[in-house]
Amino acid sequence: MIWEVFRQEKQGGYHTHCGNVHAPDRDMALMFAQVQHARRRPTHSLWVVPKDEIGEVDAEEASFGGTTDKLYRWAMTFNTDASFAKEIEDSEKEQIEAERQRREH
């Protein structure tokens with residue numbers, strides 16, 4: 001039986017896949033995983049999972065994120081007219097003038 005091995009380097013960190021071992025049961029798989037995948041590297045914990053028990057959903061079966069149109073989140077999609085741009089320019093001038101006056105006092 002093939003067992004996939006996941007190793008956690010530090011406490012609180014993620015377990016990452018680091019390989020597999022061939023073993024008849026979970027106890028032997030843990031022992032082989034310790035020898036093969038944790039002996040020479042810093043390791044906090046190991047998980048072993050029977051390869052047949054791991055499920056998968058790939059891009060052909062499901063759509064993952066990024067399919068929703070969220071252009072409204074970007075300010076560049078808002079329409080502005082020239083009068084609005086003039087109002088922004090006037091506001092920026094007022095802010096610059098106010099900042100100049102604060103420095104003088």
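In this predicted model, Arg41 sits in the loop that links α1 to β3. How exposed is Arg41? With a relative accessible area of 39%, Arg41 counts as partly exposed, because this class covers values between 20% and 50%.

The surroundings of Arg41 bring together residues from separate parts of the chain. Beyond its neighbours within four places in sequence, Arg41 is in contact with Arg7 and Cys18. A polar atom of the Arg41 side chain also lies 3.5 Å from the backbone oxygen of His37. Glu9 offers another view of the fold here: although 32 residues separate Glu9 from Arg41 along the chain, their C-alpha atoms are 8.1 Å apart.

It helps to place these residues on the wider framework. Arg7 belongs to strand β1, which spans residues 2–8, while Cys18 falls within β2 (15–22). His37 is part of helix α1, made of residues 26–38.

How are the strands arranged? The three strands make an open sheet in the order β2-β1-β3, and their pairing is antiparallel. Strands β2 and β3 (45–50) are found at the edges, and each has a single partner strand, so one side of each has no neighbour in the sheet. From one strand to the next, the twist averages 30°.

The pairing of β1 with β3 runs over 6 bridges in the antiparallel sense. Within this pair, Val5 has Val48 of β3 as its bridge partner. Helix α1 completes the picture by lying across β1, β2 and β3, and it runs at about 115° to β2.

How values were computed
Residues are numbered from 1 along each chain as its sequence is written. This is a predicted model: local features need pLDDT of at least 70, side-chain atom pairs count only at pLDDT 80 or more; totals for chains, interfaces and linings use all residues. Side-chain values use heavy atoms; hydrogens and water are left out. Two strands pair if DSSP finds at least two bridges between them. Helices (H or I, at least four residues) and strands (E, at least two) are DSSP runs, numbered from the N terminus. Axes are lines fitted to C-alpha atoms, for helices over the stretch in contact, and angles run from 0 to 180 degrees between N-to-C directions. Contact means heavy atoms within 4.5 Å. Buried means under 20% relative accessible area, exposed over 50%, partly exposed in between (1.4 Å probe, protein chains only). A polar contact is a pair of N or O atoms within 3.5 Å; within protein, one must be able to donate a hydrogen and the other to accept it, and residues adjacent in sequence count only if both atoms are side-chain atoms.
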